[in-house]
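User: I'd like to learn how to read charged pairs and odd backbone angles in a model. Can you walk me through it?

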Amino acid sequence: MPGLSAKVFRTYNASSTLEEQLEDLDHDIPDQEKLLAYNSANRKVAILCNHQRTVSKAAEASLDKLSGLVELSKRQLEELKSMRKRRKKGKDVKLKAENLTTPEEKREQAHLFLRQPSVEQVEKRIDMWLKKIDTQELNLKNKDDNKTVALGTSKINYCDPRISVAWAKRNECPIEKIFPQALRDKFPWAMNESDAYKF
């Protein structure tokens, strides 16, 4: 057909692939998991469109730091579990130091208490740490999966934003997690789309 550019076909391919890959999710799962599912679908579109990037040293450093935080949280969780055993036996546990000055010191002792906790307080902290570790691991997986793929190019230039908006509304995912303010300003016409939109 005369007058149609290659971008028209890339846009159609990208949009239809995104819609095929996006699945409706359980509303009870955390927003982080919804974002992971969205990024997975968008990654397939970026790969289809060959939107690649090289992994920078900063990205590698960020992944290493995040991996270190996950390991720290897991060690702290094990300490919390041993605290629970000690408190059940009526024994005292190690307390947080009072004069912590550096962020590293504060991070290392974030799981500790200022005074002797009850068993229930330790159990609440264990639950909190389990959720923290899940979130950290999801962030790590998301960053690791996306380190060689430029997700923004396909999302901004090739995919119909109404597909993403409708999916976000259907799955009760905050649109801010998918589109930063600049993109919401760029696509105001798409932000009011209903959750029933189909490409």
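**Salt bridges and backbone angles**

Analyst: Let's start with one pair: the side chains of K141 and D145 form a salt bridge, with N and O 2.8 Å apart. Keep in mind that this is a predicted model.

User: What's the general idea behind such a pair?

Analyst: Side chains of opposite charge can pair when their charged atoms come close. For the label used here, a Lys or Arg side-chain nitrogen has to be within 4 Å of an Asp or Glu carboxyl oxygen.

User: How many residues apart are K141 and D145 in helix α5?

Analyst: They're 4 residues apart in α5, which covers residues 119-145, so about one helical turn separates them.

User: Are K141 and D145 buried or exposed?

Analyst: Neither label fits. K141 has 45% relative accessibility, so it counts as partly exposed. D145 is partly exposed too, at 26%.

User: Which residues are linked with R43 in a network of salt bridges?

Analyst: K141 and D145. So the pair we began with belongs to a network that also includes R43.

User: How many salt bridges does a search of the whole structure find?

Analyst: The search turns up 10. Among them is D144 with K147, where the closest N and O atoms are 3.1 Å apart. D144 is partly exposed at 36%, and K147 is partly exposed at 24%.

User: Which residue forms a salt bridge with D160?

Analyst: That's R162, with the closest N and O atoms 2.7 Å apart. Look at the two ends of this one separately. Buried means under 20% relative accessible area, so D160 counts as buried at 9%. R162, on the other hand, is partly exposed, with a relative accessible area of 26%.

User: Now the backbone. Which residues other than glycine have a positive phi?

Analyst: Two to look at are N50, with phi near 60 degrees, and E172, with phi near 55 degrees. When you read an angle like that, check the residue type and then where the residue sits in the chain.

User: Where is N50 found?

Analyst: N50 is in the loop between α2 (31-48) and α3 (57-88).

User: And where is E172 found?

Analyst: E172 is in a loop as well, the one between α7 (161-170) and α8 (175-178).

User: Is E172 buried or exposed?

Analyst: Exposed: its relative accessible area is 52%, and the cut-off for that label is over 50%.

Technical notes. Residues numbered from 1 in each chain as written. Predicted model: local features only at pLDDT ≥ 70, side-chain atom pairs only at ≥ 80, totals over all residues. Heavy atoms only, no water. Helix = DSSP H or I, 4+ residues; strand = E, 2+ residues; numbered from the N terminus. Buried < 20%, exposed > 50% of the residue type's maximum accessible area, 1.4 Å probe, protein only.
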